[in-house]
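Subject: Structure handover

Hello,

The structure we spoke about is below. Please open it beside this email and follow the residues as they come up.

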Amino acid sequence: MRKLYLSLIALVLSLAAVANTPVFNIRDFGAVGDGVNIDSPAFNKAIIAASQAGGGVVLVPEGTYLCFSIRLKSNILIRFEEGSVVKAAPVGELGAYDAPEPNPWDKYQDFGHSHWQNSLFWGIGIENFGVEGPGLIDGTGVLSRGVSKVGVEGPANKAFGLKNCKNVSFKDVTFLNSGHFSLLLTGVDNLLIDNVTADTNRDAFDIDCCENVEIRNCRVNTLNDDAIVLKCSYGLGWAKPCQNVLIEDCEVSGYDIGSYLSGEKTTNVTHAPDRDGPTGRVKLGTESNGGFRNIEIRNIRFNHCRGLALESVDGACLENIKVSGLVMDDINNSPIYIRLGDRMRGPEDLPSSIVRNIEISDVKVTNCDSRYALLIVGLEGHPVENVLLKDISIQYRGGLTKEDVKLQRGGNDFFGRLGAYPEPASHGIQPAWGLSVSYARNIVLDNVKMELMNPDQRPKIYKHKVKKLVWK
(Lines give C-alpha, C1' and ligand atoms only; values in the text may rest on other atoms or scores of the structure.)
Protein backbone atom coordinates (compact mmCIF):
# COMPACT_ATOMS: atom_id res chain seq x y z
CA MET A 1 0.00 0.00 0.00
CA ARG A 2 3.02 2.33 -0.10
CA LYS A 3 2.05 3.56 -3.57
CA LEU A 4 -1.45 4.32 -2.28
CA TYR A 5 -0.17 6.41 0.60
CA LEU A 6 2.22 8.38 -1.62
CA SER A 7 -0.61 9.10 -4.06
CA LEU A 8 -2.89 10.29 -1.27
CA ILE A 9 -0.17 12.58 0.07
CA ALA A 10 0.02 14.16 -3.38
CA LEU A 11 -3.79 14.45 -3.39
CA VAL A 12 -3.85 16.23 -0.04
CA LEU A 13 -1.15 18.66 -1.18
CA SER A 14 -2.93 19.44 -4.44
CA LEU A 15 -6.28 20.09 -2.73
CA ALA A 16 -4.63 22.15 0.00
CA ALA A 17 -3.31 24.42 -2.73
CA VAL A 18 -6.84 24.82 -4.10
CA ALA A 19 -8.21 25.57 -0.62
CA ASN A 20 -5.88 28.55 -0.31
CA THR A 21 -7.14 30.20 -3.50
CA PRO A 22 -9.90 32.88 -3.80
CA VAL A 23 -13.44 32.20 -2.57
CA PHE A 24 -16.43 32.44 -4.91
CA ASN A 25 -19.72 32.61 -3.01
CA ILE A 26 -22.57 31.29 -5.15
CA ARG A 27 -24.87 34.01 -3.75
CA ASP A 28 -22.63 36.60 -5.36
CA PHE A 29 -23.51 34.98 -8.70
CA GLY A 30 -27.27 35.10 -8.17
CA ALA A 31 -28.08 32.06 -6.03
CA VAL A 32 -31.10 32.64 -3.78
CA GLY A 33 -31.16 29.51 -1.61
CA ASP A 34 -34.89 29.58 -0.93
CA GLY A 35 -35.68 26.08 -2.23
CA VAL A 36 -37.98 27.60 -4.87
CA ASN A 37 -35.84 29.37 -7.42
CA ILE A 38 -33.43 27.37 -9.59
CA ASP A 39 -29.88 28.06 -8.45
CA SER A 40 -27.81 25.82 -10.74
CA PRO A 41 -27.09 28.69 -13.21
CA ALA A 42 -25.52 30.70 -10.37
CA PHE A 43 -23.65 27.62 -9.18
CA ASN A 44 -22.23 27.07 -12.66
CA LYS A 45 -21.28 30.74 -13.03
CA ALA A 46 -19.33 30.57 -9.77
CA ILE A 47 -17.50 27.44 -10.95
CA ILE A 48 -16.63 29.06 -14.29
CA ALA A 49 -15.34 32.19 -12.53
CA ALA A 50 -13.19 30.12 -10.18
CA SER A 51 -11.83 28.10 -13.10
CA GLN A 52 -10.99 31.23 -15.10
CA ALA A 53 -9.13 32.58 -12.06
CA GLY A 54 -6.95 29.46 -12.09
CA GLY A 55 -8.92 27.70 -9.37
CA GLY A 56 -10.72 28.51 -6.18
CA VAL A 57 -13.22 27.67 -3.46
CA VAL A 58 -16.88 27.70 -4.46
CA LEU A 59 -18.71 28.51 -1.25
CA VAL A 60 -22.23 27.24 -0.55
CA PRO A 61 -23.63 29.14 2.45
CA GLU A 62 -26.66 28.19 4.52
CA GLY A 63 -29.80 27.74 2.44
CA THR A 64 -31.62 25.28 0.21
CA TYR A 65 -30.46 25.46 -3.41
CA LEU A 66 -32.76 23.87 -5.96
CA CYS A 67 -30.58 22.73 -8.85
CA PHE A 68 -30.37 20.94 -12.18
CA SER A 69 -26.97 19.78 -13.51
CA ILE A 70 -23.90 21.42 -11.99
CA ARG A 71 -20.85 21.12 -14.28
CA LEU A 72 -17.57 20.65 -12.46
CA LYS A 73 -14.12 21.85 -13.49
CA SER A 74 -10.51 21.35 -12.41
CA ASN A 75 -8.91 23.09 -9.44
CA ILE A 76 -12.22 23.63 -7.66
CA LEU A 77 -13.12 22.96 -4.03
CA ILE A 78 -16.85 23.10 -3.23
CA ARG A 79 -17.18 24.06 0.43
CA PHE A 80 -20.53 23.57 2.14
CA GLU A 81 -21.32 25.61 5.21
CA GLU A 82 -23.51 24.34 8.05
CA GLY A 83 -27.16 24.33 7.01
CA SER A 84 -26.49 24.24 3.27
CA VAL A 85 -28.59 21.90 1.11
CA VAL A 86 -28.36 21.22 -2.62
CA LYS A 87 -31.71 19.76 -3.59
CA ALA A 88 -32.35 18.04 -6.90
CA ALA A 89 -34.97 19.97 -8.85
CA PRO A 90 -37.93 18.15 -10.42
CA VAL A 91 -37.91 18.00 -14.22
CA GLY A 92 -40.64 20.13 -15.78
CA GLU A 93 -41.37 23.74 -16.62
CA LEU A 94 -38.37 24.95 -14.62
CA GLY A 95 -35.86 22.85 -16.55
CA ALA A 96 -34.12 19.49 -16.94
CA TYR A 97 -30.76 17.79 -16.39
CA ASP A 98 -27.99 17.39 -18.92
CA ALA A 99 -28.46 14.58 -21.39
CA PRO A 100 -26.55 11.31 -20.98
CA GLU A 101 -23.64 11.33 -23.42
CA PRO A 102 -23.16 8.60 -26.05
CA ASN A 103 -21.01 5.65 -25.01
CA PRO A 104 -20.14 3.02 -27.64
CA TRP A 105 -19.46 0.49 -24.87
CA ASP A 106 -22.71 0.92 -22.92
CA LYS A 107 -23.97 -2.55 -23.87
CA TYR A 108 -21.38 -4.12 -21.56
CA GLN A 109 -22.77 -2.71 -18.31
CA ASP A 110 -26.00 -1.28 -16.97
CA PHE A 111 -27.10 2.10 -18.37
CA GLY A 112 -26.30 3.81 -15.10
CA HIS A 113 -22.67 2.67 -15.21
CA SER A 114 -22.24 3.94 -18.75
CA HIS A 115 -23.15 7.65 -18.49
CA TRP A 116 -22.06 10.51 -16.25
CA GLN A 117 -23.53 13.78 -17.54
CA ASN A 118 -27.10 12.95 -16.49
CA SER A 119 -26.24 13.80 -12.89
CA LEU A 120 -26.85 16.51 -10.34
CA PHE A 121 -23.06 17.11 -10.30
CA TRP A 122 -20.79 15.86 -13.07
CA GLY A 123 -17.24 16.20 -14.32
CA ILE A 124 -15.19 14.47 -17.02
CA GLY A 125 -11.40 14.68 -17.24
CA ILE A 126 -11.02 17.08 -14.32
CA GLU A 127 -8.19 17.22 -11.77
CA ASN A 128 -7.75 18.62 -8.28
CA PHE A 129 -11.41 18.64 -7.32
CA GLY A 130 -12.89 18.38 -3.85
CA VAL A 131 -16.08 18.62 -1.83
CA GLU A 132 -15.99 19.40 1.88
CA GLY A 133 -18.17 20.56 4.70
CA PRO A 134 -21.40 19.57 6.47
CA GLY A 135 -23.76 20.06 3.54
CA LEU A 136 -26.64 17.84 2.47
CA ILE A 137 -27.17 16.67 -1.11
CA ASP A 138 -30.83 15.68 -1.32
CA GLY A 139 -32.34 13.87 -4.29
CA THR A 140 -35.62 12.90 -2.60
CA GLY A 141 -38.42 12.38 -5.09
CA VAL A 142 -36.23 13.24 -8.07
CA LEU A 143 -33.08 11.12 -8.42
CA SER A 144 -33.85 7.51 -9.29
CA ARG A 145 -32.40 4.46 -11.00
CA GLY A 146 -34.43 5.19 -14.14
CA VAL A 147 -32.99 5.23 -17.65
CA SER A 148 -33.07 8.41 -19.75
CA LYS A 149 -32.45 8.78 -23.47
CA VAL A 150 -28.94 9.41 -24.77
CA GLY A 151 -28.65 12.93 -26.14
CA VAL A 152 -31.93 14.10 -24.61
CA GLU A 153 -32.18 16.39 -21.61
CA GLY A 154 -34.42 15.05 -18.89
CA PRO A 155 -34.12 13.27 -15.53
CA ALA A 156 -30.92 12.60 -13.63
CA ASN A 157 -30.16 9.26 -12.00
CA LYS A 158 -27.27 10.05 -9.67
CA ALA A 159 -25.87 12.73 -7.39
CA PHE A 160 -22.25 12.73 -8.63
CA GLY A 161 -20.89 11.32 -11.87
CA LEU A 162 -17.12 11.61 -12.42
CA LYS A 163 -15.16 10.01 -15.26
CA ASN A 164 -11.41 9.95 -15.99
CA CYS A 165 -10.50 12.31 -13.16
CA LYS A 166 -7.48 12.65 -10.88
CA ASN A 167 -6.94 13.97 -7.36
CA VAL A 168 -10.50 13.96 -6.00
CA SER A 169 -11.73 14.24 -2.42
CA PHE A 170 -15.11 14.05 -0.66
CA LYS A 171 -15.17 14.99 3.03
CA ASP A 172 -17.91 15.48 5.64
CA VAL A 173 -20.83 15.75 3.21
CA THR A 174 -24.15 13.85 3.52
CA PHE A 175 -26.30 12.23 0.81
CA LEU A 176 -30.01 11.46 0.99
CA ASN A 177 -31.98 9.56 -1.68
CA SER A 178 -29.36 10.12 -4.35
CA GLY A 179 -30.65 7.79 -7.07
CA HIS A 180 -28.77 4.97 -8.77
CA PHE A 181 -25.57 6.23 -7.14
CA SER A 182 -24.55 8.79 -4.58
CA LEU A 183 -21.10 8.63 -6.15
CA LEU A 184 -20.40 7.04 -9.54
CA LEU A 185 -16.65 7.43 -9.86
CA THR A 186 -15.22 5.76 -12.96
CA GLY A 187 -11.54 5.96 -13.82
CA VAL A 188 -10.89 8.29 -10.88
CA ASP A 189 -7.33 7.94 -9.58
CA ASN A 190 -6.02 9.32 -6.30
CA LEU A 191 -9.35 9.41 -4.50
CA LEU A 192 -10.23 10.08 -0.87
CA ILE A 193 -13.71 9.65 0.66
CA ASP A 194 -13.60 10.63 4.34
CA ASN A 195 -16.37 11.02 6.94
CA VAL A 196 -19.17 10.89 4.37
CA THR A 197 -22.70 9.76 5.26
CA ALA A 198 -25.16 8.31 2.75
CA ASP A 199 -28.73 7.18 3.36
CA THR A 200 -29.95 6.41 -0.09
CA ASN A 201 -32.34 4.51 -2.35
CA ARG A 202 -29.83 2.46 -4.42
CA ASP A 203 -26.01 2.19 -4.54
CA ALA A 204 -24.02 4.68 -2.50
CA PHE A 205 -20.32 4.56 -3.48
CA ASP A 206 -19.52 2.88 -6.82
CA ILE A 207 -15.74 2.94 -7.23
CA ASP A 208 -15.25 1.72 -10.80
CA CYS A 209 -11.87 1.29 -12.51
CA CYS A 210 -10.20 3.50 -9.89
CA GLU A 211 -6.64 3.35 -8.54
CA ASN A 212 -5.14 4.65 -5.31
CA VAL A 213 -8.31 5.01 -3.26
CA GLU A 214 -8.94 5.47 0.44
CA ILE A 215 -12.45 5.30 1.93
CA ARG A 216 -12.56 5.88 5.67
CA ASN A 217 -14.86 6.87 8.54
CA CYS A 218 -18.03 6.62 6.41
CA ARG A 219 -21.57 5.62 7.32
CA VAL A 220 -23.56 4.13 4.44
CA ASN A 221 -27.17 2.92 4.58
CA THR A 222 -28.56 1.36 1.39
CA LEU A 223 -31.55 -0.93 1.84
CA ASN A 224 -32.08 -1.61 -1.88
CA ASP A 225 -28.52 -1.94 -3.17
CA ASP A 226 -24.85 -2.02 -2.24
CA ALA A 227 -23.26 0.42 0.17
CA ILE A 228 -19.57 0.47 -0.78
CA VAL A 229 -18.85 -1.40 -4.00
CA LEU A 230 -15.70 -1.68 -6.09
CA LYS A 231 -16.12 -2.47 -9.79
CA CYS A 232 -14.02 -2.67 -12.94
CA SER A 233 -16.49 -2.35 -15.80
CA TYR A 234 -15.88 -1.77 -19.51
CA GLY A 235 -17.52 1.66 -19.31
CA LEU A 236 -14.30 3.45 -20.25
CA GLY A 237 -13.85 1.33 -23.37
CA TRP A 238 -10.98 -0.72 -21.98
CA ALA A 239 -10.39 -3.13 -19.12
CA LYS A 240 -8.94 -0.79 -16.49
CA PRO A 241 -8.36 -2.41 -13.08
CA CYS A 242 -9.59 -1.28 -9.71
CA GLN A 243 -6.50 -1.49 -7.52
CA ASN A 244 -4.60 -0.13 -4.54
CA VAL A 245 -7.72 0.48 -2.44
CA LEU A 246 -8.11 0.81 1.32
CA ILE A 247 -11.55 0.78 2.98
CA GLU A 248 -11.42 1.21 6.75
CA ASP A 249 -13.38 2.27 9.81
CA CYS A 250 -16.77 2.38 8.09
CA GLU A 251 -20.30 1.26 8.89
CA VAL A 252 -22.72 -0.22 6.34
CA SER A 253 -26.38 -1.12 6.84
CA GLY A 254 -29.74 -1.81 5.22
CA TYR A 255 -32.26 0.01 7.39
CA ASP A 256 -35.36 1.67 5.92
CA ILE A 257 -34.43 4.54 3.61
CA GLY A 258 -34.06 7.79 5.52
CA SER A 259 -34.28 6.15 8.91
CA TYR A 260 -30.52 6.09 9.38
CA LEU A 261 -30.25 9.86 9.13
CA SER A 262 -33.29 10.32 11.35
CA GLY A 263 -31.73 8.04 13.97
CA GLU A 264 -34.72 5.68 14.02
CA LYS A 265 -33.02 2.83 12.09
CA THR A 266 -36.32 1.11 11.36
CA THR A 267 -36.64 -2.27 9.65
CA ASN A 268 -40.15 -2.22 8.20
CA VAL A 269 -39.09 -3.03 4.63
CA THR A 270 -37.92 -6.65 4.60
CA HIS A 271 -36.85 -7.17 0.98
CA ALA A 272 -34.67 -5.48 -1.63
CA PRO A 273 -35.85 -5.41 -5.28
CA ASP A 274 -34.34 -8.87 -5.91
CA ARG A 275 -36.76 -10.22 -3.27
CA ASP A 276 -34.01 -11.15 -0.82
CA GLY A 277 -33.24 -9.25 2.37
CA PRO A 278 -31.85 -5.69 2.66
CA THR A 279 -28.53 -5.20 0.85
CA GLY A 280 -26.30 -2.47 2.31
CA ARG A 281 -22.99 -4.34 2.14
CA VAL A 282 -19.36 -4.08 1.00
CA LYS A 283 -18.80 -5.80 -2.35
CA LEU A 284 -16.22 -6.31 -5.09
CA GLY A 285 -18.08 -6.86 -8.41
CA THR A 286 -20.49 -7.39 -10.15
CA GLU A 287 -19.07 -5.51 -13.18
CA SER A 288 -15.66 -7.16 -13.39
CA ASN A 289 -13.69 -6.79 -16.62
CA GLY A 290 -10.48 -5.03 -15.60
CA GLY A 291 -9.36 -6.79 -12.41
CA PHE A 292 -9.21 -6.21 -8.65
CA ARG A 293 -5.76 -6.12 -7.10
CA ASN A 294 -4.27 -5.06 -3.80
CA ILE A 295 -7.49 -4.31 -1.94
CA GLU A 296 -7.52 -3.99 1.85
CA ILE A 297 -10.74 -3.82 3.87
CA ARG A 298 -10.52 -3.44 7.63
CA ASN A 299 -12.57 -2.46 10.66
CA ILE A 300 -16.03 -2.44 9.08
CA ARG A 301 -19.37 -2.89 10.87
CA PHE A 302 -22.25 -4.57 9.01
CA ASN A 303 -25.72 -4.10 10.51
CA HIS A 304 -29.05 -5.46 9.20
CA CYS A 305 -27.67 -6.11 5.70
CA ARG A 306 -25.97 -8.69 3.52
CA GLY A 307 -22.46 -9.92 4.15
CA LEU A 308 -19.13 -9.36 2.43
CA ALA A 309 -19.12 -10.30 -1.28
CA LEU A 310 -16.03 -10.84 -3.46
CA GLU A 311 -17.04 -11.56 -7.06
CA SER A 312 -15.41 -11.85 -10.47
CA VAL A 313 -17.74 -12.98 -13.25
CA ASP A 314 -16.71 -11.01 -16.38
CA GLY A 315 -13.11 -12.09 -16.96
CA ALA A 316 -11.33 -10.10 -14.25
CA CYS A 317 -8.51 -11.34 -12.05
CA LEU A 318 -9.48 -10.76 -8.41
CA GLU A 319 -6.36 -11.28 -6.31
CA ASN A 320 -4.37 -10.09 -3.32
CA ILE A 321 -7.37 -9.17 -1.20
CA LYS A 322 -6.93 -8.72 2.54
CA VAL A 323 -9.89 -8.31 4.89
CA SER A 324 -9.79 -7.97 8.67
CA GLY A 325 -11.72 -6.62 11.63
CA LEU A 326 -15.30 -7.18 10.46
CA VAL A 327 -18.17 -7.10 12.96
CA MET A 328 -21.52 -8.23 11.55
CA ASP A 329 -24.98 -8.48 13.10
CA ASP A 330 -28.39 -9.38 11.67
CA ILE A 331 -27.01 -10.59 8.33
CA ASN A 332 -29.55 -11.52 5.67
CA ASN A 333 -27.59 -14.01 3.57
CA SER A 334 -24.04 -15.41 3.40
CA PRO A 335 -21.70 -13.71 5.84
CA ILE A 336 -18.89 -14.21 3.30
CA TYR A 337 -19.51 -14.91 -0.39
CA ILE A 338 -16.60 -15.59 -2.76
CA ARG A 339 -17.65 -16.18 -6.35
CA LEU A 340 -15.81 -16.94 -9.57
CA GLY A 341 -18.42 -16.92 -12.35
CA ASP A 342 -18.87 -17.09 -16.08
CA ARG A 343 -21.32 -14.32 -16.93
CA MET A 344 -18.67 -12.79 -19.25
CA ARG A 345 -20.46 -9.57 -20.05
CA GLY A 346 -18.01 -7.64 -22.20
CA PRO A 347 -16.24 -7.80 -25.56
CA GLU A 348 -15.71 -11.18 -27.19
CA ASP A 349 -12.80 -13.42 -26.23
CA LEU A 350 -12.57 -12.29 -22.61
CA PRO A 351 -10.14 -14.30 -20.50
CA SER A 352 -11.55 -16.61 -17.86
CA SER A 353 -12.22 -15.05 -14.50
CA ILE A 354 -9.64 -15.66 -11.75
CA VAL A 355 -10.16 -15.48 -7.98
CA ARG A 356 -7.14 -16.18 -5.77
CA ASN A 357 -4.98 -15.09 -2.86
CA ILE A 358 -7.61 -13.90 -0.40
CA GLU A 359 -7.06 -13.54 3.35
CA ILE A 360 -9.99 -12.84 5.68
CA SER A 361 -9.34 -12.64 9.42
CA ASP A 362 -10.71 -11.34 12.71
CA VAL A 363 -14.40 -11.56 11.86
CA LYS A 364 -17.29 -11.83 14.32
CA VAL A 365 -20.79 -12.53 12.97
CA THR A 366 -23.96 -12.77 15.09
CA ASN A 367 -27.55 -13.54 14.13
CA CYS A 368 -26.77 -14.63 10.57
CA ASP A 369 -29.12 -16.18 8.00
CA SER A 370 -28.08 -19.80 7.44
CA ARG A 371 -29.89 -20.52 4.15
CA TYR A 372 -26.77 -20.10 2.02
CA ALA A 373 -23.95 -20.70 4.54
CA LEU A 374 -20.49 -19.25 3.97
CA LEU A 375 -20.14 -19.74 0.22
CA ILE A 376 -17.00 -20.21 -1.86
CA VAL A 377 -17.92 -21.02 -5.45
CA GLY A 378 -15.69 -21.41 -8.52
CA LEU A 379 -16.05 -23.11 -11.90
CA GLU A 380 -14.96 -26.51 -13.12
CA GLY A 381 -11.45 -26.02 -14.46
CA HIS A 382 -11.28 -22.55 -12.87
CA PRO A 383 -11.35 -22.98 -9.10
CA VAL A 384 -11.21 -20.32 -6.44
CA GLU A 385 -7.66 -20.65 -5.13
CA ASN A 386 -5.66 -19.87 -2.02
CA VAL A 387 -8.18 -18.59 0.51
CA LEU A 388 -7.29 -18.22 4.18
CA LEU A 389 -10.10 -17.75 6.71
CA LYS A 390 -8.62 -17.08 10.14
CA ASP A 391 -9.95 -16.18 13.59
CA ILE A 392 -13.60 -16.09 12.57
CA SER A 393 -16.73 -16.79 14.60
CA ILE A 394 -20.18 -17.06 13.01
CA GLN A 395 -23.50 -17.48 14.82
CA TYR A 396 -26.13 -18.80 12.42
CA ARG A 397 -29.89 -18.73 13.03
CA GLY A 398 -30.40 -22.31 11.84
CA GLY A 399 -33.88 -23.76 12.04
CA LEU A 400 -34.01 -25.42 8.62
CA THR A 401 -34.74 -29.04 7.73
CA LYS A 402 -33.40 -31.25 4.98
CA GLU A 403 -36.69 -30.73 3.15
CA ASP A 404 -35.98 -27.00 3.03
CA VAL A 405 -32.92 -27.52 0.83
CA LYS A 406 -33.75 -26.17 -2.62
CA LEU A 407 -31.88 -26.12 -5.88
CA GLN A 408 -31.26 -22.82 -7.58
CA ARG A 409 -34.01 -21.69 -9.88
CA GLY A 410 -33.86 -23.47 -13.24
CA GLY A 411 -30.77 -25.51 -12.42
CA ASN A 412 -29.89 -29.10 -11.59
CA ASP A 413 -27.26 -28.56 -8.93
CA PHE A 414 -26.26 -25.93 -6.38
CA PHE A 415 -23.49 -24.33 -8.43
CA GLY A 416 -24.45 -24.69 -12.08
CA ARG A 417 -25.80 -21.24 -13.00
CA LEU A 418 -22.54 -20.12 -14.54
CA GLY A 419 -23.91 -17.01 -16.20
CA ALA A 420 -26.27 -15.96 -13.43
CA TYR A 421 -26.05 -12.68 -11.58
CA PRO A 422 -23.80 -13.55 -8.64
CA GLU A 423 -25.82 -13.61 -5.45
CA PRO A 424 -25.92 -16.25 -2.72
CA ALA A 425 -29.62 -16.77 -3.44
CA SER A 426 -28.81 -17.81 -7.02
CA HIS A 427 -27.36 -21.05 -5.65
CA GLY A 428 -30.46 -22.03 -3.73
CA ILE A 429 -30.80 -23.03 -0.08
CA GLN A 430 -27.62 -24.93 0.62
CA PRO A 431 -27.29 -28.54 1.84
CA ALA A 432 -25.11 -27.28 4.73
CA TRP A 433 -25.75 -24.60 7.32
CA GLY A 434 -22.16 -23.49 7.96
CA LEU A 435 -19.78 -23.80 4.99
CA SER A 436 -20.49 -24.68 1.36
CA VAL A 437 -17.59 -24.91 -1.10
CA SER A 438 -17.51 -25.88 -4.76
CA TYR A 439 -14.70 -25.89 -7.34
CA ALA A 440 -12.00 -24.59 -5.04
CA ARG A 441 -8.40 -25.37 -4.17
CA ASN A 442 -6.19 -24.63 -1.18
CA ILE A 443 -8.82 -23.39 1.25
CA VAL A 444 -7.59 -23.04 4.83
CA LEU A 445 -9.78 -22.38 7.88
CA ASP A 446 -7.73 -21.53 10.96
CA ASN A 447 -9.60 -21.03 14.22
CA VAL A 448 -12.96 -20.70 12.49
CA LYS A 449 -15.93 -21.38 14.78
CA MET A 450 -19.54 -21.79 13.68
CA GLU A 451 -22.54 -22.31 15.94
CA LEU A 452 -26.32 -22.45 15.69
CA MET A 453 -28.93 -20.39 17.49
CA ASN A 454 -31.55 -23.06 16.70
CA PRO A 455 -31.23 -26.73 15.67
CA ASP A 456 -30.72 -27.37 11.96
CA GLN A 457 -31.03 -30.77 10.29
CA ARG A 458 -28.45 -30.06 7.61
CA PRO A 459 -24.77 -30.91 8.14
CA LYS A 460 -22.25 -28.22 8.94
CA ILE A 461 -20.14 -28.60 5.77
CA TYR A 462 -20.84 -29.35 2.12
CA LYS A 463 -17.96 -29.85 -0.35
CA HIS A 464 -18.16 -30.35 -4.10
CA LYS A 465 -15.01 -30.87 -6.20
CA VAL A 466 -12.67 -29.27 -3.69
CA LYS A 467 -8.94 -29.97 -3.57
CA LYS A 468 -7.20 -29.45 -0.24
CA LEU A 469 -9.57 -27.92 2.25
CA VAL A 470 -7.92 -27.77 5.68
CA TRP A 471 -9.85 -26.84 8.85
CA LYS A 472 -7.43 -26.30 11.72
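Start with Glu287: its relative accessible area is 3%, so this residue is buried. Please keep in mind that the model is predicted.

Salt bridges

Which residue does Glu287 meet in a salt bridge? The partner is Lys231, with N and O 3.0 Å apart. Lys231 belongs to strand 18 and Glu287 to strand 20, so this pair ties together parts of the chain that are 56 residues apart in sequence. Lys231 has a relative accessibility of 4% and therefore also counts as buried.

Lys231 has a salt bridge with Asp206 as well, and there the closest N and O atoms are 3.4 Å apart. This pair again links distant parts of the chain, since Lys231 is in strand 18 (residues 228–232) and Asp206 is in strand 15 (residues 203–208), 25 residues apart. Both Lys231 and Asp206 are buried.

These residues are part of a network of salt bridges that links Asp110, Arg145, Asp203, Asp206, Lys231, Glu287 and Arg345. Over the whole structure, a search finds 30 salt bridges.

Another of them is formed by Glu248 and Arg298, whose closest N and O atoms are 2.8 Å apart. Glu248 is in strand 19 (residues 242–253) and Arg298 is in strand 21 (residues 292–305), so the pair ties together parts that are 50 residues apart in sequence. Is Glu248 buried or exposed? With a relative accessible area of 13%, Glu248 is buried, because the cut-off for buried is under 20%.

Ser288

Ser288 is in strand 20, which covers residues 282–288. Its relative accessibility is 0%, so Ser288 counts as buried. A polar atom of the Ser288 side chain lies 2.9 Å from the backbone nitrogen of Val313. The same side chain, that of Ser288, also reaches the backbone nitrogen of Asp314, at 3.1 Å. If neighbours within four places in sequence are left aside, the contacts of Ser288 are Cys232, Glu311, Ser312, Val313, Asp314, Gly315 and Ala316.

Strand 4, strand 2 and strand 7

Strand 4 covers residues 63–67, and four of its five residues are buried. It runs parallel to strand 2 (residues 34–38), and two bridges join strand 2 to strand 4. One residue to look up here is Ile38, whose bridge partner in strand 4 is Leu66. Strand 4 also pairs with strand 7 (residues 84–88), in the parallel sense and over five bridges. In strand 7, Val85 is the bridge partner of Thr64.

Helix 2

How far apart are the end C-alpha atoms of helix 2? Helix 2 has 13 residues (residues 40–52), and at 1.5 Å a residue it should span 18 Å; its end C-alpha atoms are 18 Å apart, which agrees. The expected span takes 1.5 Å times one less than the number of residues, so please use that count if you check the sum. The buried residues of the helix are Ser40, Ala42, Phe43, Asn44, Ala46, Ile47, Ala49 and Ala50. After helix 2 comes Gly54, which has a positive phi, near 95°.

Ile70

Ile70 is in strand 5 (residues 70–71). It has a relative accessibility of 0% and so counts as buried. Leaving aside neighbours within four places in sequence, Ile70 is in contact with residues including Ser40, Phe43, Asn44 and Ile47, which are among the buried residues of helix 2. The other contacts of Ile70 are Val86, Leu120, Phe121 and Trp122. The C-alpha atoms of Ile70 and Gly123 are separated by 8.8 Å, although the two residues are 53 residues apart along the chain.

Nonpolar cores

The largest nonpolar core has 111 residues, and Phe170 and Phe205 have the most contacts inside it. Strand 28 (residues 435–454) gives the largest share of this core, seven residues. Another core lies apart from it and has five residues, among them Ala309, Tyr372, Leu375 and Val377.

What does Phe205 touch, not counting residues up to four places away in sequence? The list is Leu183, Ile193, Val196, Ala198, Ile215, Cys218, Val220, Ala227, Ile228 and Val229.

Regards

Methods:
Residues are numbered from 1 along each chain as its sequence is written. This is a predicted model: local features need pLDDT of at least 70, side-chain atom pairs count only at pLDDT 80 or more; totals for chains, interfaces and linings use all residues. Side-chain values use heavy atoms; hydrogens and water are left out. Buried means under 20% relative accessible area, exposed over 50%, partly exposed in between (1.4 Å probe, protein chains only). Two strands pair if DSSP finds at least two bridges between them. A polar contact is a pair of N or O atoms within 3.5 Å; within protein, one must be able to donate a hydrogen and the other to accept it, and residues adjacent in sequence count only if both atoms are side-chain atoms. Contact means heavy atoms within 4.5 Å. A nonpolar core is a set of buried Ala, Val, Leu, Ile, Met, Phe, Trp, Tyr and Cys residues joined through side-chain atoms within 4.5 Å. A salt bridge is a side-chain nitrogen of Lys or Arg within 4 Å of a carboxyl oxygen of Asp or Glu.
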